[in-house]
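Colleague: I am new to this one and would like to understand the labels people put on it. Could you show me the model and take me through the reasoning?

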Amino acid sequence: MKIKVGVVGCLGRMGKATLAELIGNTKTEIVGAVTRSSSQYIGSDIGLIVGHNSNVGVKVTSSIYEICKLSDVIIDFTTRECVLDCLKTAMKLKKPLVSGTTGIDDINLSEYAAKAPILWSANMSVGVNILLKLVKKAAELLGNEYDVEIWEMHHSLKKDSPSGTALELGKTIASTLKVDFQVNQYLDHNIRQKGKIGFAVSRGGGVIGDHSVMFINSDERVELNHKAIDRKAFARGAVQAAIWLYENKREVPGLYSMQDVI
Ligand code: NAD
């Protein structure tokens, strides 16, 4: 039997990429696709929306609750407000939820994960999750003596800054170096302060997502980089995460991440 998946934010850049990925996956079937109630696409078949050459038999709707009821697992790529709705609904219906929505640092995911299996990652790509492991190893080996700088670049429409991935990289380094991330992160580069984790942000055009982590001392610089070439990297990871969450944790409330999947 196929895993029934509902997609929230189905008309967004990531929503469309996720639908396309699900259509091509033999383990999953799409049972629902949700967008804002004001959308002109309510009632349209998702096949044509994602550029499939025929109807898929699933129409766009606006009810997160109804789609959550029909689904074995939900995938969300939306906004802070919408992910809150998804979390409340998943908790109420005790349904597994995969969310990649960023800019939600102030939401206490554990509160919802006490009642439902929730998998959240700032970056769903396998590559960035390998980068997180490499960065942790580099911080362990290099220690506190190197300045740490994190640079990220995204498309001009991105709402949050620095990106969730850049913050995740910074938090991983801070916890490895045993320093307080909240106190030691900074964006103002006028004068570099020793021991701080610096962030630099660029925005422009259609860049999907580049991240670079640099460890620098007076003699050398170690750089670890990741560049997303296609949104498929995130969508494929999200579908892999949904399958993992349903197959392994559907009865086990808790907060999971892509680090558990790869
Ligand atoms: P987008 O603006 O293209 O899409 C967001 C969609 O959410 C829009 O279509 C919007 O209509 C929909 N939406 C908003 N409120 C809604 C509601 N109440 N009900 C239903 N739909 C609603 O944005 P995007 O580029 O697809 O990114 C979405 C989020 O995913 C952002 O937070 C982004 O940073 C994040 N993201 C995460 C990853 C990852 O790997 N974790 C990768 C890329 C993007």
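Modeller: Happy to. This is a predicted model, and a search of the whole structure turns up two aromatic pairs.

Colleague: What makes Phe181 and Phe199 an edge-to-face pair?

Modeller: Their ring centres are 6.1 Å apart, and the limit for a pair is within 6.5 Å. The planes of Phe181 and Phe199 stand at 80°, and planes over 60 degrees apart count as edge-to-face, so that is the label the pair receives. Phe181 belongs to helix 8 and Phe199 to strand 9, 18 residues apart, so the pair links distant parts of the chain. Both Phe181 and Phe199 are buried.

Colleague: And why is the pair of Trp244 and Tyr256 called edge-to-face?

Modeller: The same test applies. The centres of Trp244 and Tyr256 lie 5.7 Å apart, with the planes at 70°, so this pair is edge-to-face. It also links distant parts of the chain: Trp244 is in helix 9 (residues 232-249), and Tyr256 is in strand 12 (residues 254-256), twelve residues apart. Trp244 and Tyr256 are both buried.

Colleague: How do you know that the charged end of Arg250 sits over the ring of Tyr246?

Modeller: The distance is one part of it: the charged end of Arg250 is 4.3 Å from the centre of the Tyr246 ring, and the limit is within 6 Å. The position must also be within 35 degrees of the ring normal. Arg250 over Tyr246 is listed as such a case.

Colleague: Tyr246 brings us to helix 9. How does its reach fit the expected value?

Modeller: Helix 9 has 18 residues and spans 24 Å from first C-alpha to last, close to the 26 Å expected at 1.5 Å a residue. Its buried residues include Phe234, Val239, Ile243, Trp244, Leu245 and Tyr246.

Colleague: Now the sheet. In what order do the seven strands lie?

Modeller: The order is 3-2-1-4-5-6-12, in an open sheet with parallel pairing.

Colleague: What makes strand 3 and strand 12 the edge strands?

Modeller: Each of them pairs on one side only. For strand 12, the partner is strand 6, and the two run parallel over three bridges. One of the contacts there sets Pro117 against its bridge partner Gly254.

Colleague: How do you know that strand 5 and strand 6 pair?

Modeller: Pairing needs at least two bridges, and strand 5 (residues 97-99) and strand 6 have three, in the parallel sense. Ser99 has Trp120 as its bridge partner in strand 6. Within strand 6 (residues 117-120), Pro117 and Leu119 point one way, Ile118 and Trp120 the other, and all are buried.

Colleague: Which strands does strand 4 pair with?

Modeller: Strand 1 (residues 3-8) runs parallel to strand 4 and is joined to it by four bridges, with Gly6 opposite Ile74. Strand 5 also pairs with strand 4 in the parallel sense, over three bridges, and Ile75 stands opposite Val98 there. From strand 4 (residues 73-76), Val73 and Ile75 point one way and Ile74 and Asp76 the other, and all are buried.

Colleague: What kind of unit do strand 4, helix 4 and strand 5 make?

Modeller: They form a right-handed β-α-β unit, with helix 4 covering residues 80-93. Right-handed is the word for a path that runs clockwise from the first strand over the helix to the second, with the strands pointing away from the viewer.

Colleague: Why does Thr35 count as buried?

Modeller: Its relative accessibility is 15%, and buried means under 20%, so Thr35 qualifies. Thr35 is in the loop between strand 2 and helix 2. Beyond its neighbours within four places in sequence, Thr35 is in contact with Cys10, Leu11, Ile42, Val60, Thr61 and Ser62.

Colleague: And why is Gln185 called partly exposed?

Modeller: Its relative accessible area is 25%. Buried would need under 20% and exposed over 50%, so Gln185 is partly exposed. Gln185 is in strand 8, and, leaving aside neighbours within four places in sequence, it is in contact with Leu167, Ile197 and Phe199.

Methods. Residues numbered from 1 in each chain as written. Predicted model: local features only at pLDDT ≥ 70, side-chain atom pairs only at ≥ 80, totals over all residues. Heavy atoms only, no water. Phe/Tyr/Trp six-rings, centres within 6.5 Å; stacked < 30°, edge-to-face > 60°. Buried < 20%, exposed > 50% of the residue type's maximum accessible area, 1.4 Å probe, protein only. Expected span 1.5 Å × (residues − 1). Contact = heavy atoms within 4.5 Å.
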